[in-house]
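Okay, thanks for coming, everyone. I'll put the structure up and then talk through a few contacts in it.

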Amino acid sequence: DAQFYTIDFPEQDGWKGREADLEIDRKANECRPGKQVRVRPSIASPSSGWGTNGVSHKSLGVLRSVAHDGTVVINFPEDSTWAGVLADIEPADGCIITLLKGGGVRC
């Protein structure tokens, strides 16, 4: 017998499907609060935009929260409350961050 799951996606709550119908986005799955992240290079423009203070592909931030609908809040040096979606970000591997006084980060 197939295992069925009920999932609340950003586009639809209460979706039902089999395990075989699901695929885990490995990069998004590694994004947890407190982790260093960036906007994926393959994203021309994030779903919610770049913000008013110049967040860019070069920006590194700390993931503050992930909501059940995939909404994320990230503390970037350019914007300490940048909001976006989980599908637009990835872990920023290979850089150790330092939290700066005032909420920014440095690589």
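**Salt bridges, a patch and a hairpin**

Let's start with a salt bridge: the side chains of Asp-21 and Arg-18 come together, with N to O at 3.0 Å. Before I go on, keep in mind that this is a predicted model.

So how exposed are the two partners? Asp-21 has a relative accessible area of 41%, so we call that residue partly exposed. Arg-18 lands in the partly exposed class too, because its relative accessibility is 37%.

How many salt bridges do we get in total? The count is two. The other pair is Arg-38 with Glu-90, and there the closest N and O atoms are 3.0 Å apart. That pair ties together distant parts of the chain: Arg-38 sits in strand β3, residues 36-39, Glu-90 sits in strand β7, residues 89-91, and the two are 52 residues apart.

Is Glu-90 buried or exposed? Buried, because its relative accessible area is 5%, and the cut-off for buried is under 20%. Arg-38, on the other hand, is at 26%, so that one goes down as partly exposed.

Okay, next up, the surface. There's a nonpolar patch made of Tyr-5, Phe-9 and Leu-22, and together they have about 220 Å² of accessible area. Where is Phe-9? In the loop between β1, residues 4-7, and β2, residues 15-18. Phe-9 has 31% relative accessibility, so partly exposed. Patch residues need over 30%, so Phe-9 makes the cut at 31%.

Now the hairpin. Strand β5, residues 71-75, and β6 run antiparallel, with four bridges joining them. The hairpin connection from β5 to β6 goes through six residues. If you want a register point, look at Thr-71, which is opposite Val-85 in β6.

Strand β6 itself covers residues 82-85, and it has two faces. Which residues are on the covered one? Trp-82 and Gly-84, while Ala-83 and Val-85 are on the uncovered face.

Trp-82 comes up again with the aromatics. How many aromatic pairs are there? One. Phe-76 and Trp-82 make that pair, at 5.5 Å centre to centre with 80° between the planes. Why is it edge-to-face? Because the planes are 80° apart, and anything over 60 counts as edge-to-face. Both rings' residues, Phe-76 and Trp-82, are buried.

That's my tour, so let's go to discussion.

Note on methods:
Residues are numbered from 1 along each chain as its sequence is written. This is a predicted model: local features need pLDDT of at least 70, side-chain atom pairs count only at pLDDT 80 or more; totals for chains, interfaces and linings use all residues. Side-chain values use heavy atoms; hydrogens and water are left out. Buried means under 20% relative accessible area, exposed over 50%, partly exposed in between (1.4 Å probe, protein chains only). Two strands pair if DSSP finds at least two bridges between them. A salt bridge is a side-chain nitrogen of Lys or Arg within 4 Å of a carboxyl oxygen of Asp or Glu. Patches are made of residues with over 30% relative accessible area and no salt bridge: like charges are joined within 9 Å, nonpolar side chains (Val, Leu, Ile, Met, Phe, Trp, Tyr) within 5 Å. Accessible areas come from the Shrake-Rupley method with a 1.4 Å probe; for residues, only the protein chains shown count as cover. Rings of Phe, Tyr and Trp (its six-membered ring) pair if their centres lie within 6.5 Å; planes under 30 degrees apart count as stacked, over 60 as edge-to-face and the rest as tilted.
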